[in-house]
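Good morning, everyone. Let me walk you through one structure, from the whole chain down to a few residues.

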Amino acid sequence: MTTDNKMKTIYFDNNATTKVAEEVSEEMKPFFCELYGNPSSMHTFGGQIAARIRKSRQQVANLLGCDPAEIIFTSGGTESDNAAINGVLATAADKRKIITSRIEHPAVLSVCKQLKDRGYTVVELEVDKQGQLDLGELEKQIDDDTALATIMYANNETGVIFPVEQIAELTKSKGSIFHTDAVQAVGKIPLNLSKSNIDLLSLSGHKLHAPKGVGVLYVRKGTRLSPFMLGGHQEAGRRAGTENVPSIIGLGKACELAAKNIKEKNERVRKLRDKLEKAILKSCPDSQLNGDPDNRLPNTSNISFEYIEGESILLMLDKFGICASSGSACTSGSLEPSHVLRAMGVPFTAAHGSIRFSLSRYNTEKEVDYTIEKMPEIVNKLRKLSPFVTK
Ligand code: PLP
């Protein structure tokens with residue numbers, strides 16, 4: 001896709017969504033017009049689709065380091081998050097407390113808010129300036145009444161990674177269930193759930209070069225979870241409904257691709273991200289990085305530019321064919337500064353002028369260099385127009 005006849009789109013908004021990999025789209029194609037049988041059918045035509053879904057389940061399990069029987073296909077990250085939280089609470093009727101963090105995605109925070117309205121006690125843990133949690137506070141909060149802790153693996157806006165394995169160990173030692181929203185982490189950092197105490201984990205296809213509208217809820221064997229879609233026997237009766245076959249096939253392929261050389265691929269992305277970030281911070285005065293610089297996804301950089309609006313920067317970047325974001329895809333469009341940056345204590349003026357660049361393995365050094373060239377030009381131009389700059 002091009003923005004005009006000459007300019008190619010430079011896509012630095014991969015935490016919002018990603019391009020479907022060519023290999024993924026090729027793998028999906030036969031499942032529309034040729035292999036369209038229902039996987040539940042008795043005939044051979046349907047049976048071969050069921051076999052391909054089994055393969056896809058195995059491909060996802062390989063990336064996560066778990067058993068295929070622990071994979072439930074869903075419609076995406078939002079459904080997986082909702083199902084995990086509500087599904088655990090439905091089986092723990094005597095417990096009335098949930099622990100989460102202030103910087104979760106709305107797919108978790110909105111469910112927690114609804115539960116609070118229904119009388120549950122919801123504890124939203126604070127984060128520090130770097131976006132990190134106080135594990136001591138978490139430990140203090142987990143008590144006999146705690147049904148579930150739901151804390152994200154990595155934040156979608158800053159890329160900050162939480163010490164999820166430690167959190168899982170802690171919740172286990174206290175007899176609570178632990179769910180993590182790993183929508184932004186899967187494919188960007190290696191995971192091995194067979195060696196972890198995580199009970200439930202959500203992922204979303206469209207964040208790792210699979211299509212939109214497909215995801216997974218991982219449920220560790222033995223974890224009590226109420227079925228969340230009733231009807232047929234699909235997904236072991238926990239999530240009924242005829243499967244979204246092409247997307248499930250695509251997700252399996254995307255997981256297979258993500259697992260291949262995961263460290264090397266993401267190291268390359270990290271180098272590009274670091275080059276972009278370092279150059280912008282150097283060339284644009286009054287700019288600062290938001291979030292823990294070390295414990296971070298390799299593809300994400302969230303930078304604040306004082307005295308100017310993030311939206312204005314985005315519009316000017318857009319003119320050069322560069323796509324970025326001024327917050328999560330779901331909250332952009334609102335004039336409120338990001339709840340994540342506010343929770344981290346980023347001053348209002350800086351939070352308003354924040355931009356998230358999120359890269360993928362499809363980005364090139366040429367794209368980074370072009371953006372490095374344009375950013376100071378954009379920031380200087382907007383500062384000249386800003387009523388807050390008097391110099
Ligand atoms: N959780 C996180 C951390 C996300 O970033 C997103 C999407 O931006 C979601 C959940 C929702 O996933 P989906 O778009 O697949 O519903």
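The protein has 13 helices and 12 strands. Its radius of gyration is 22 Å, and the globule rule gives 21 Å for 391 residues, so the protein is as compact as a globular protein of that length. Keep in mind that this is a predicted model.

Now the overall dimensions. The C-alpha trace spans about 70 × 55 × 35 Å along the principal axes of the protein. How much of the protein is buried? Of its 391 residues, 56% count as buried. The accessible surface comes to about 17,300 Å². Carbon and sulfur atoms hold 53% of that surface.

Next, contacts. Take those with a separation of 6 or more in the protein. Residues 24 or more positions apart account for 73% of them.

Charges next. There are 50 positive side chains and 48 negative ones. The centres of the two sets lie 3 Å apart.

Let's go to the strands, starting with β12. This strand covers residues 354-358. Is β12 mostly covered or mostly open? Mostly covered: 5 of its 5 residues are buried. Look at the side chains on either face. S354, R356 and S358 point one way from β12. I355 and F357 point the other way. Both groups are buried.

Which strand is joined to β12 by 5 bridges? That is β10, residues 300-305, and the two run antiparallel. For a single pair, take N302: its bridge partner in β12 is R356. R356 is also one of the buried residues I just listed.

On to β6, residues 177-181. Here 4 of the 5 residues are buried, and the strand is mostly covered. Strand β5, residues 146-150, pairs with β6 over 3 bridges. The sense of this pairing is parallel. In β6, F178 is the bridge partner of A149.

Last stop: a loop residue, N244. Where does N244 sit? In the loop between β8 (215-219) and α8 (245-259). N244 has a relative accessible area of 35%, so it is partly exposed. What does N244 touch, if we leave aside its neighbours within four places in sequence? It is in contact with G213 and V214. Compare its position with F12. N244 and F12 are 232 residues apart in sequence. In space, they are 28 Å apart, C-alpha to C-alpha.

That's the tour. Thank you.

Technical notes: Residues are numbered from 1 along each chain as its sequence is written. This is a predicted model: local features need pLDDT of at least 70, side-chain atom pairs count only at pLDDT 80 or more; totals for chains, interfaces and linings use all residues. Side-chain values use heavy atoms; hydrogens and water are left out. The radius of gyration is taken over C-alpha atoms; the globule rule is 2.2 Å times the number of residues to the power 0.38. Buried means under 20% relative accessible area, exposed over 50%, partly exposed in between (1.4 Å probe, protein chains only). Contact means heavy atoms within 4.5 Å. Accessible areas come from the Shrake-Rupley method with a 1.4 Å probe; for residues, only the protein chains shown count as cover. Lys and Arg count as positive and Asp and Glu as negative; His and the chain ends are not counted. The place of a charge is taken as NZ of Lys, CZ of Arg, CG of Asp or CD of Glu. Two strands pair if DSSP finds at least two bridges between them.
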